[in-house]
Every structure is written in structure tokens, then in C-alpha cells.
Amino acid sequence: MEKVGSIIFLNHLFIICLATPLMVQSTIENPRENIDQWFQNLPRVKQKLTRLHFYFHDVVLGPHPTVVAVANASNTFTSPTFFGRVNIFDNPLTQGPEPGSKLVGRAQGLYGFTSQEEVSLLMAMNFVFRSWKHNCSSLTVLGRNRVGQSVRELPIVGGTGVFRLARGFALAKSYFFNASVATVEYNVAVLHY
């Protein structure tokens with residue numbers, strides 16, 4: 001019975017993961033009017049390239065963790081790759097590598113350990129920006145993160161606010177890692193209108 005409950009929970013989690021890009025919204029006073037006007041202007045607007053650089057802080061242990069485990073498979077704790085574990089996170093994004101550096105946004109989403117051969121994650125997350133000229137805008141990342149590689153490339157599949165119709169990539173590089181904290185440097189290149 002416990003196995004059936006876990007399967008139902010994971011199915012719901014998967015559906016939520018697919019809907020997450022649709023749930024992230026920017027602040028719009030009159031959405032219909034603004035969207036219609038935005039699409040009417042689209043043929044006259046040039047595509048832009050925006051590059052961003054920030055740090056992601058994944059705090060697993062301590063008084064204020066930013067990530068929690070929500071599911072484990074029956075063999076997760078005997079697997080050398082934590083296969084089957086799913087974590088939900090709400091991590092700070094900062095301008096510099098120090099946790100106390102200026103907050104520029106949050107990374108919100110989930111990652112699941114998806115490989116039985118290496119530590120590899122399926123990441124579904126939104127970079128939600130709270131500063132710069134990108135305030136209240138977001139970028140959606142959905143892809144494989146091979147943690148053992150020094151630099152990992154993740155696809156950007158969408159965005160909101162100033163990042164509407166976004167596509168691009170994020171390069172993730174581990175900056176610092178121990179049993180309780182992981183700091184990851186992100187270099188992002190995104191095309192948008």
C-alpha cells in the first residue's frame with residue numbers, strides 16, 4: 001500500500017512539475033490588454049540576448065534549510081547515486097558567491113536523482129528575479145544536470161515578464177560543496193523579445 005501511495009504522490013509531483021512554468025507569473029495590471037498589445041508589437045521588436053551571472057545556494061542541513069526531500073524510492077538509501085530521491089527547493093540567488101551577498105532572486109523548483117550509474121539530476125526550476133531590470137520576471141529551466149561534471153549545460157525553455165518567449169542555456173559550475181551546502185555559479189545566455 002505504501003508503494004501505491006508513493007507512486008500516486010510522484011505522479012502528482014510530475015504533473016505539478018509540468019505545470020510549474022505556467023504558474024510563474026509576472027506582475028501585470030491588465031493581462032489581456034497587455035498580451036494583445038505585446039503580440040501586436042512583436043513583429044517590430046528585435047530579439048535580445050541577455051547574459052546573467054549569479055550564484056545558487058542549496059542549503060541541505062542547518063537551522064534554515066532551503067531544500068527538503070519529498071520522496072524516496074525503496075532503494076534510495078542503498079543506491080550509490082540516491083536513485084529515486086526527489087527534493088523541492090527554494091534557494092537564494094545572489095550576486096556573489098557568499099551567502100550574505102546581494103540577493104537577486106530565488107531558484108524555485110525540484111530535482112530528482114534519475115540515474116542508477118552516476119549522480120545525475122532532472123532539474124525543473126524557475127529563476128525568479130527580484131532585482132535588476134528583470135524584477136518580477138522569471139526563466140524556466142528543465143533538463144539534466146550531471147553533477148559530476150565540472151560544467152553542466154541546462155536548457156532554458158521559457159520565461160515570463162521581460163523574458164517572454166525565452167530560450168537559451170545556463171552553464172552551472174560547482175563553486176563550493178560540502179555535506180550541508182552547495183554553492184553553484186550560473187552563467188546564463190537567453191534570447192527573448
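**Entry 1: a residue in α2**

I began with isoleucine 35 and found this residue in helix α2, which covers residues 31–41. I am working from a predicted model, so I keep to what was computed from its atoms. Is isoleucine 35 buried, partly exposed or exposed? I got 33% relative accessibility for isoleucine 35, so this residue counts as partly exposed. I then looked for company on the surface and found that Ile35, Phe39 and Leu165 make a nonpolar patch of about 260 Å².

**Entry 2: the largest pocket**

Next I turned to the largest pocket and noted its volume, about 610 Å³. I counted 28 lining residues, and those closest to the pocket's centre are Asp58, Val60, Tyr111, Phe113 and Phe177. Which elements give two or more residues to this lining? I listed β1 (48–59), β2 (67–71), β4 (103–113), β5 (120–129), β8 (167–177) and β9 (181–192). My note on β9 is that this strand gives the most, with five residues. I sorted the lining by class as well: 19 residues are nonpolar, six are polar and three are charged.

**Entry 3: two stops along the chain**

I went to methionine 125 and found this residue in strand β5. Methionine 125 comes out at 1% relative accessibility, and buried means under 20%, so I wrote this residue down as buried. I also checked the spacing to valine 141: the two residues are 16 apart along the chain, and their C-alpha atoms are separated by 5.3 Å.

My other stop was lysine 102, in the loop between β3 (86–94) and β4. I read 46% relative accessibility here, so lysine 102 counts as partly exposed. From lysine 102 to serine 131 I count 29 residues along the chain, with 9.5 Å between the C-alpha atoms.

**Entry 4: a salt bridge between β3 and β4**

How many salt bridges does the structure hold? I found three.

I looked at arginine 106 and aspartate 90, which form a salt bridge with the closest N and O atoms 3.0 Å apart. This pair links distant parts of the chain, since arginine 106 sits in strand β4 and aspartate 90 in strand β3, 16 residues apart. Are the two partners buried or partly exposed? Arginine 106 counts as buried because its relative accessibility is 16%. Aspartate 90 has a relative accessible area of 32%, so I put this residue down as partly exposed.

**Entry 5: glutamate 118 and its arginines**

I then followed glutamate 118, whose side chain meets that of arginine 144 in a salt bridge, at 2.6 Å from N to O. The pair links distant parts of the chain: glutamate 118 is in the loop between β4 and β5, and arginine 144 is in strand β6 (residues 138–146), 26 residues apart.

Glutamate 118 forms a salt bridge with arginine 146 too, and here the closest N and O atoms are 3.2 Å apart. Arginine 146 also belongs to strand β6, and it is 28 residues from glutamate 118 along the chain.

I checked how accessible these three residues are. Glutamate 118 is partly exposed, with a relative accessible area of 26%. Arginine 144 has 45% relative accessibility and therefore counts as partly exposed. Arginine 146, at 31%, counts as partly exposed as well. To close the page, I noted that Glu118, Arg144 and Arg146 are linked in a network of salt bridges.

Technical notes: Residues are numbered from 1 along each chain as its sequence is written. This is a predicted model: local features need pLDDT of at least 70, side-chain atom pairs count only at pLDDT 80 or more; totals for chains, interfaces and linings use all residues. Side-chain values use heavy atoms; hydrogens and water are left out. On a 1 Å grid over the protein atoms alone, a cavity is a set of points where a 1.4 Å probe fits but cannot get out, and a pocket is an open set with protein on both sides within 12 Å along at least five of seven lines; lining residues have an atom within 4 Å of a point. Grid points are joined across faces, edges and corners, and a volume is the space filled by probe spheres set on the points. Helices (H or I, at least four residues) and strands (E, at least two) are DSSP runs, numbered from the N terminus. Ala, Val, Leu, Ile, Met, Phe, Trp, Tyr, Cys and Pro count as nonpolar, Asp, Glu, Lys and Arg as charged, and the others, Gly among them, as polar. Patches are made of residues with over 30% relative accessible area and no salt bridge: like charges are joined within 9 Å, nonpolar side chains (Val, Leu, Ile, Met, Phe, Trp, Tyr) within 5 Å. Accessible areas come from the Shrake-Rupley method with a 1.4 Å probe; for residues, only the protein chains shown count as cover. A salt bridge is a side-chain nitrogen of Lys or Arg within 4 Å of a carboxyl oxygen of Asp or Glu. Buried means under 20% relative accessible area, exposed over 50%, partly exposed in between (1.4 Å probe, protein chains only).
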